[in-house]
Amino acid sequence: MTRFIDVHSLVRLVDETGVPQFLEALADALRDDFLRWREFDKKARVASHSHLGVIELMPVADDGAYAFKYVNGHPHNTQVGLPTVMAFGVLAEVDTGYPMLLSELTLTTALRTAATSAMAAKALARPDSRSLALIGNGSQSEFQALAFHALLGIEQVRVFDTDSHATDKLVRHLSACTPLEIVRARSVAEAVRGADIVTTVTAYQGRATVLTPDMIEPGMHINAVGGDSPGKTELHPDVLRLARVFVEYEPQTRVEGEIQQVAADFPVHELWRVLLGEVPGRESPGQVTLFDSVGFALEDYTALRYIQRIATERGIGQQIALVPELDDPKDLFGLTASGRRRAVLRRAA
């Protein structure tokens with residue numbers, strides 16, 4: 001049987017664990033998997049683009065497990081009452097192909113993205129970072145703030161969104177569940193001024209310049225999350241030239257990330273090499289670092305494995321017959337009404 005984790009089951013797992021604790025545990029699991037990067041069969045995600053958005057499949061595997069995520073990105077969905085991002089995923093045994101887990105990944109994607117952001121910042125930002133500018137206050141924003149508070153000790157969050165209702169929502173949620181100092185800014189420039197870390201997580205489907213070079217200050221760490229498909233960016237290209245740039249999986253980020261705006265030989269460094277100590281991260285307190293995060297399938301693999309483990313331990317989720325259970329594995333027809341009638345006739349004879 002396959003364990004099925006729907007939204008309600010995932011919410012129960014998160015609530016029982018606590019959002020900050022869930023993020024911390026997930027960040028630890030992500031770091032462990034990034035440290036064994038070479039063990040994975042990796043490829044860029046397969047994308048189907050339309051004029052309104054994108055639908056993607058994201059596969060990855062090691063010797064033991066295969067995972068994939070189905071995910072979309074449709075910024076106009078909120079106008080018809082749907083989330084911008086919706087996702088589900090599967091974790092399967094490599095040896096048999098048997099699907100062990102079928103899980104929602106919409107809420108999980110927000111959690112794993114925040115955990116990845118904080119994990120990267122822990123390796124790249126100044127250790128004394130205490131303020132975060134959060135540009136884009138939609139569905140991912142609370143998780144980003146909570147992850148940076150839990151993993152890096154961020155004390156102040158400066159928030160801005162062109163949609164004031166999104167900021168109202170963010171302030172309401174964070175005020176109710178954290179001791180963070182929350183500062184509403186009137187512009188992007190005001191939000192990032194003096195910030196130690198800047199996270200951009202906007203949904204605009206096109207070339208945007210959320211951050212411009214004049215906003216960048218020495219020692220900043222920039223966490224660019226919203227640009228995640230061809231033609232979708234958040235940073236002026238000159239911001240990249242001011243920074244030491246890090247990515248997840250370079251072949252994918254060259255097509256989808258902020259670095260799609262610069263030459264193919266623009267220097268970048270894959271984050272796993274920093275975590276392993278093969279290349280340096282931040283080289284000086286005054287250096288600007290930038291994590292060009294587009295989301296990579298390994299992060300979903302980690303999240304699915306973590307969900308499977310804690311759901312199994314706690315007995316959460318349903319066991320479903322996603323794959324037929326057969327007395328004779330060669331007799332699939334026997335499941336059908338015609339097959340059952342023939343079996344009855346044989347027994348009667």
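## A tour from Ser229 to the largest pocket

Ser229 is buried, with a relative accessible area of 1%. The model on screen is a predicted one, and this residue is the starting point. Select the stretch around Ser229 and you will see the loop that runs between β13 (221-224) and β14 (233-235). Now show what surrounds the residue, hiding its neighbours within four places in sequence: Ser229 is then in contact with His49, Gln205, Glu256 and Gln260.

**Gly315**

Next, select Gly315, in the loop between α10 (297-314) and β18 (318-320). Is Gly315 buried or exposed? Its relative accessibility is 51%, so Gly315 counts as exposed, the cut-off being over 50%. To get a sense of distance, add Asp238 to the selection and draw a line from C-alpha to C-alpha: Gly315 and Asp238 lie 51 Å apart in space, with a separation of 77 residues in sequence.

**Helix α1 and its two partners**

Move to helix α1 (residues 7-17) and display helix α2 (residues 19-35) with it; their axes come within 6 Å and cross at roughly 100 degrees. That crossing makes α1 roughly perpendicular to α2. Turn on side chains for the contact: α1 contributes Leu13, Val14 and Thr17, and these meet Val19, Gln21 and Phe22 of α2. Sorted by class, this contact of α1 with α2 holds 4 nonpolar and 2 polar residues, with no charged ones.

Keep α1 and swap α2 for α3. The axes of α1 and α3 come within 9 Å and cross at roughly 35 degrees. Which residues of α1 meet α3? They are Leu10, Val11 and Val14, set against Leu107, Thr108 and Leu111 in α3. The contact of α1 with α3 has 5 nonpolar residues, 1 polar and no charged. Val14 of α1 is worth labelling, as a residue in the contact with α2 and in the contact with α3.

**The largest pocket**

Stay on α3 (106-124), since the last stop involves this helix. The largest pocket has about 1200 Å³ of space. Centre the view on Thr84, Ser139, Val201, Thr202 and Ala203, which lie nearest the pocket's centre among its 50 lining residues. Then colour the elements that give two or more residues to the lining: β4 (54-61), β5 (65-73), α3 (106-124), α4 (141-152), α5 (164-177) and β12 (207-211). Which of them gives the most? That is α3, with 6 residues. Finally, colour the lining by class, where 19 residues are nonpolar, 22 polar and 9 charged.

Definitions and conventions
Residues are numbered from 1 along each chain as its sequence is written. This is a predicted model: local features need pLDDT of at least 70, side-chain atom pairs count only at pLDDT 80 or more; totals for chains, interfaces and linings use all residues. Side-chain values use heavy atoms; hydrogens and water are left out. Axes are lines fitted to C-alpha atoms, for helices over the stretch in contact, and angles run from 0 to 180 degrees between N-to-C directions. Helices (H or I, at least four residues) and strands (E, at least two) are DSSP runs, numbered from the N terminus. Angles under 35 degrees count as roughly parallel, over 145 as roughly antiparallel, 65 to 115 as roughly perpendicular and the rest as oblique. Contact means heavy atoms within 4.5 Å. Ala, Val, Leu, Ile, Met, Phe, Trp, Tyr, Cys and Pro count as nonpolar, Asp, Glu, Lys and Arg as charged, and the others, Gly among them, as polar. Buried means under 20% relative accessible area, exposed over 50%, partly exposed in between (1.4 Å probe, protein chains only). On a 1 Å grid over the protein atoms alone, a cavity is a set of points where a 1.4 Å probe fits but cannot get out, and a pocket is an open set with protein on both sides within 12 Å along at least five of seven lines; lining residues have an atom within 4 Å of a point. Grid points are joined across faces, edges and corners, and a volume is the space filled by probe spheres set on the points.
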